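Please find below a colleague's note on helix packing and internal space, arranged as numbered points.

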Amino acid sequence: MGLGPLTGLTAGVTLAAVVATFGIARLRGRYDTIDSFWGLGFALIAVVALPFGTAPVPMRLVVAVLTVLWGVRLSVHLHLRNHGKPEDPRYRKMVERAGPRPAARLFVRVYLVQAVILWFVSLPVQFAMYGNGFGVTAWLGIALWLIGFVFETVGDEQLRRFRADPANRGGLLDTGLWRYTRHPNYFGDACVWWGLFLLACAWWPGAATVLSPLAMTFLLVRGTGKPMMEASLRRSRPRYADYVARTSGFVPLPPKRTAAR
């Protein structure tokens with residue numbers, strides 16, 4: 001199968017999976033179910049694309065394994081984080097503002113939009129399945145993916161442990177990776193996708209997918225990631241302004257000295 005038909009196949013699979021996820025969300029009565037599906041969607045695309053590429057089998061396996069590892073870990077993390085808790089307030093507000101047909105509106109405005117973004121961001125994974133094997137860019141991509149995966153995994157685990165300790169209720173995590181960046185998990189996420197983009201660049205058409213990691217980075221830094229998280233923390237954490245003053249907003253850097261320190 002050529003690249004064109006593959007991208008059509010993955011688009012159809014993505015849409016079907018998102019529709020199924022919406023059905024599960026309706027049964028659960030929780031529209032934030034899409035958050036748990038997000039990572040699994042990328043894993044699904046990688047598995048679907050794996051047998052159809054023309055790249056050497058080891059190359060295709062590496063791309064698929066890296067994508068599945070990232071996607072499954074993220075989905076499991078988000079599911080466990082949300083399990084047993086009220087639905088994310090963002091989705092409750094969307095329902096309140098949706099008018100007389102909230103399900104239809106959320107399906108179009110959230111689930112279909114997520115399907116398009118998921119498929120578009122996954123293009124480096126699909127293109128990488130047609131690469132020429134392990135060149136310099138591929139090895140650099142694997143290294144960058146590893147850095148990102150470590151940052152994201154360690155950052156999420158440090159935050160989970162912090163929140164699990166009752167003594168930290170209402171407190172602010174500013175140790176570990178969180179000492180050097182306010183969002184080690186988002187930084188790691190971006191690195192993962194720039195790493196997969198470099199794997200796609202194992203053949204020259206892969207460079208055309210540069211908009212995919214750019215879109216993911218934009219969402220993390222300017223879209224639904226960092227801005228929404230920080231707006232909530234500014235309202236609920238009195239010390240957050242000082243933390244912002246001394247800590248890098250995204251790329252890990254040594255903390256600055258402030259009057260409070």
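1. The model under discussion is predicted. I begin with the pair formed by H3 and H7, whose crossing is left-handed. On the H3 side, the residues that make this contact are Met59, Val62, Leu66, Leu69, Trp70, Arg73, Leu74, His77 and Arg81, and on the H7 side they are Ala138, Ile142, Trp145, Phe149, Glu152, Thr153, Asp156 and Arg163. Sorted by class, the residues of the contact of H3 with H7 comprise ten nonpolar, two polar and five charged ones.

2. The geometry of this pair can be stated more fully: helix H3 spans residues 57-82 and helix H7 spans residues 136-164, and their axes come within 12 Å and cross at roughly 15°. Angles under 35 degrees count as roughly parallel, and H3 and H7 are therefore roughly parallel to each other.

3. H3 also packs against helix H2, which covers residues 33-49, at an angle of about 165° and with the two axes 7 Å apart. Since an angle over 145 degrees counts as roughly antiparallel, H2 and H3 are therefore roughly antiparallel to each other. The crossing in which H2 passes H3 is left-handed.

4. As for the residues behind that packing, H2 contributes Asp35, Ser36, Phe37, Trp38, Gly39, Leu40, Phe42, Ala43, Ala46 and Val47, which meet Ala64, Thr67, Val68, Trp70, Gly71, Val72, Leu74, Ser75, Leu78 and His79 in H3. The class count for the contact of H2 with H3 is 13 nonpolar, six polar and one charged.

5. H2 has a further partner in helix H5 (residues 102-121), and the axes of H2 and H5 come within 10 Å and cross at roughly 30°. H2 and H5 are therefore roughly parallel to each other, and the crossing in which H2 passes H5 is right-handed. In this contact Thr33, Ile34, Phe37, Trp38, Gly41, Phe42 and Ile45 of H2 meet Val110, Tyr111, Gln114, Ile117, Leu118, Trp119 and Val121 of H5. By class, the contact of H2 with H5 holds eleven nonpolar and three polar residues, with no charged residues.

6. Where does the model leave enclosed space, and which residues line the largest cavity? A search of the whole structure returns one cavity of 30 Å³ or more, and the volume of the largest cavity is about 50 Å³. Its lining is made up of Arg28, Arg30, Asp32, Ser36, His79, Asn82 and His83, and divides by class into four polar and three charged residues, with no nonpolar ones.

7. A last remark joins the cavity to the helix packing: Ser36 and His79 belong to the lining of the largest cavity, and they also appear in the contact of H2 with H3, Ser36 in H2 and His79 in H3.

Technical notes
Residues numbered from 1 in each chain as written. Predicted model: local features only at pLDDT ≥ 70, side-chain atom pairs only at ≥ 80, totals over all residues. Heavy atoms only, no water. 1 Å grid on protein atoms, 1.4 Å probe; cavity = no way out; pocket = protein on both sides within 12 Å on 5 of 7 lines; lining within 4 Å. Points joined across faces, edges and corners; volume = space filled by probe spheres on them. Nonpolar A, V, L, I, M, F, W, Y, C, P; charged D, E, K, R; others polar. Axes fitted to C-alpha atoms, helices over the stretch in contact; angles between N-to-C directions. Helix = DSSP H or I, 4+ residues; strand = E, 2+ residues; numbered from the N terminus. Parallel < 35°, antiparallel > 145°, perpendicular 65-115°, else oblique. Left-handed = near helix turned anticlockwise from the far one by under 90°. Contact = heavy atoms within 4.5 Å.
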